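Me: Could you take a close look at one part of this model for me? I would like to know how a pair of neighbouring helices pack, with some context from elsewhere in the chain.

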Amino acid sequence: MKRIRPILFILLALTAGFILRGCFTPSPTPPLAHSAEQEATIWTCSMHPQIKLPKPGKCPICGMELIPLVSGGDEGGEREISVSPYAAKLMEIETTEVTRQFISAEVRMVGKVDYDETRVTYISAWVPGRLDRLYVDYTGIPVKKGDHLAELYSPELLTAQEELIQAIQTLGKLKDSQSSMLLETARQTIDAAREKLRLWGFTSDQIAAIEKSETPNDHMTIFSPGSGIVIQKNAQEGMYVQTGTRIYTIADLTTVWVQLDAYESDLNLLRYGGKVEFTTEAYPGKTFAGSITFIDPIINTATRTAKVRVIVDNPTLALKPGMFVRAVARPKVAEGGRVMDPGLAGKWISPMHPEVIKDGPGTCDVCGMPLVTAESLGYVTEISQNAPLVIPATAALKTGKRAIVYVEVPDQDKPTYEGREVELGTRLGDFYVVTSGLDEGERVVTHGNFKLDAELQIHAKPSMMSMPSDAPATGSGAPAAILQSLDVPAAFSQQLEAAVQAYFGIQQSLGADNVEAAKTATADMQKMLGKVDMDLLAGDGHMTWMAHLKNLDSALANLAQAATIEKQREAFYSLSQQLAQTLHVFPVQHPINQAFCPMAFGGTGATWLQQDKDILNPYFGSAMPGCGEIQESIGAAHE
């Protein structure tokens, strides 16, 4: 018992020591998440990053809990953003090298088949007389060279034949004459009489028959000078005609013209001698080809198009004048807007007949004109120095006149990207030609650039929707305008606003998940847009409207062809983007609200226009009709 008591005393002392130590030991370090909240000074909403508050709470727009705005990406230049390698994978960032390469453009045109004017023959009377018989008495008859067409009675022909017969008889009487002068005069008289008949349309066989029979014929047979189809019959049997009166028109259809309409914005891609392919409704699945022989130097002010003439071989007569065709030219574009055709490198071409191509200088086999070099017609050779600088179309974030690309900054500790404003040239399919702002070998972001741009917006840095910090401030804290509004007549604004009202019908139909109503509203907008009188605009305003109208028509055509509501919403997004740009440039009289939903299309986000300030989301419809917020007001309030 005496031994047990000391042991119990020691155990009680140790226990009391541990208890006292626990009372005075400082509490453990709070978790990292709590520390981040303590250090965070700005709180934001994951759905609405423009919300920045100094303390935690709920988002005033959607009611979601605010999260701390963790620092990151603020280092670097004004337009630079840095992310962690893990974040770059989550953002699915992909880059592509800026290269020089020849890309084929695609110029689409429509038009009709027409006669080859150089192969149209006019049959007219060479002497006055009466048409006693027409062998070809209706149009559409195919004729060959030498076929008889009509018989003409003419007293003047009798006189000319008598002159020839008398001259021959006179020469016969003088055959024993010793006077060489008389013989020569008689021969010259015969030659003059023959030439007179020839000029009046007599063939050599007809003249020989008259000389043999020594009897004048009171009728003259008119023969076809060429092969083709009789497309016009201008006279009737028994009709008296004068010299020059047209009797028939014959067209050789073994070669035809195709008259195409090309937008003025596409004319810089078309060249004399360029190849064009086209199809017709009559022969589905069959493709015809020809060469450009003429580009009209005058623009049609009503349609803003120019005529492009294509010559096509038609040996089977499959192509008929008046046929409607859809054509496409695929020129390979070189630097400076020139066109590259490897088949014409170092060649010489006829300036009148592009099908005549030779390896060296000379003359045209058809017209005899001197050949010219292909380079003088705007063609270049296929060498790397002539290739344009191009980037994928997905790399460019276009906002009207501006274009932003994100360039990968090399030799950085973590993925870093720089937003850069570039000047773009012609769009060539899935590529853009870069005129300035990029160098060959740099890498541009082709996937994930919208997410990088959103990250810049969160960190209050210049993005695609705002100008750099050295741009003049608007005075309201909002980004400076990126599109310059034009002064347009009130009548034009009213007509455009009628088309915008039809657009609201599309937006409301998609918000109600109504496919058929959206189709009807699309047709209404196409109709109202066609009523906008572009002649009310002048100068640069007219040209700018033509560019906007072309894009609006294309977006509406895609929307009209959409069969499901998913496809309709995708096409509606493109239409909304273009219409917003158009309304910035051509303001209407009443304000239009631009809304934004960050959750549309899998979190990519999408904008649209609506008349009221109460959100009606066309991308989610009844699933989330109120998702989104009003970003800005375009139109009268925007001005």
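Reply: Happy to help; what follows starts with one helix pair, then turns to a second pair, the cysteines and the overall fold.

Please keep in mind that this is a predicted model. The pair to look at is helix 9, residues 515-530, and helix 10, residues 540-561. Their axes come within 10 Å and cross at roughly 160 degrees. Angles over 145 degrees count as roughly antiparallel, and helix 9 and helix 10 are therefore roughly antiparallel to each other. As for handedness, the crossing of helix 9 past helix 10 is left-handed.

Now to the side of each helix that does the touching. Helix 9 contributes Thr522, Met525, Gln526 and Leu529. Across from them, helix 10 brings Trp545, Leu549, Leu552, Asp553, Leu556, Ala557, Leu559 and Ala560. Sorted by class, this contact holds nine nonpolar residues, two polar ones and one charged one.

Another pair makes a useful companion to this one. Helix 5 (residues 180-199) and helix 6 (residues 204-213) also have axes that come within 10 Å, with a crossing angle of roughly 135 degrees. That angle makes helix 5 oblique to helix 6. Here the crossing is right-handed. Arg194, Leu197 and Arg198 of helix 5 form the contact with Ile207, Ile210 and Glu211 of helix 6. By class, the residues of this contact are three nonpolar, three charged and no polar.

If you are setting up bonds for this model, the cysteines deserve a look too. With a cut-off of 2.5 Å between sulfur atoms, the disulfide count is zero. Take Cys367: its closest cysteine sulfur belongs to Cys364 and lies 3.6 Å away, which is too far for a bond. Cys597 has its closest cysteine sulfur in Cys627, at 3.4 Å, and that is again too far for a bond. The surroundings of Cys367 and Cys597 can be described as well: Cys367 is partly exposed, at 34% relative accessible area, whereas Cys597 is buried, at 0%.

Finally, here is the setting for these details. The protein comes to 12 helices and 37 strands. Of its 639 residues, 39% count as buried. Looking at contacts between residues at least 6 apart in sequence, 67% join residues at least 24 apart.

Terms used:
Residues numbered from 1 in each chain as written. Predicted model: local features only at pLDDT ≥ 70, side-chain atom pairs only at ≥ 80, totals over all residues. Heavy atoms only, no water. Axes fitted to C-alpha atoms, helices over the stretch in contact; angles between N-to-C directions. Helix = DSSP H or I, 4+ residues; strand = E, 2+ residues; numbered from the N terminus. Parallel < 35°, antiparallel > 145°, perpendicular 65-115°, else oblique. Left-handed = near helix turned anticlockwise from the far one by under 90°. Contact = heavy atoms within 4.5 Å. Nonpolar A, V, L, I, M, F, W, Y, C, P; charged D, E, K, R; others polar. Buried < 20%, exposed > 50% of the residue type's maximum accessible area, 1.4 Å probe, protein only.
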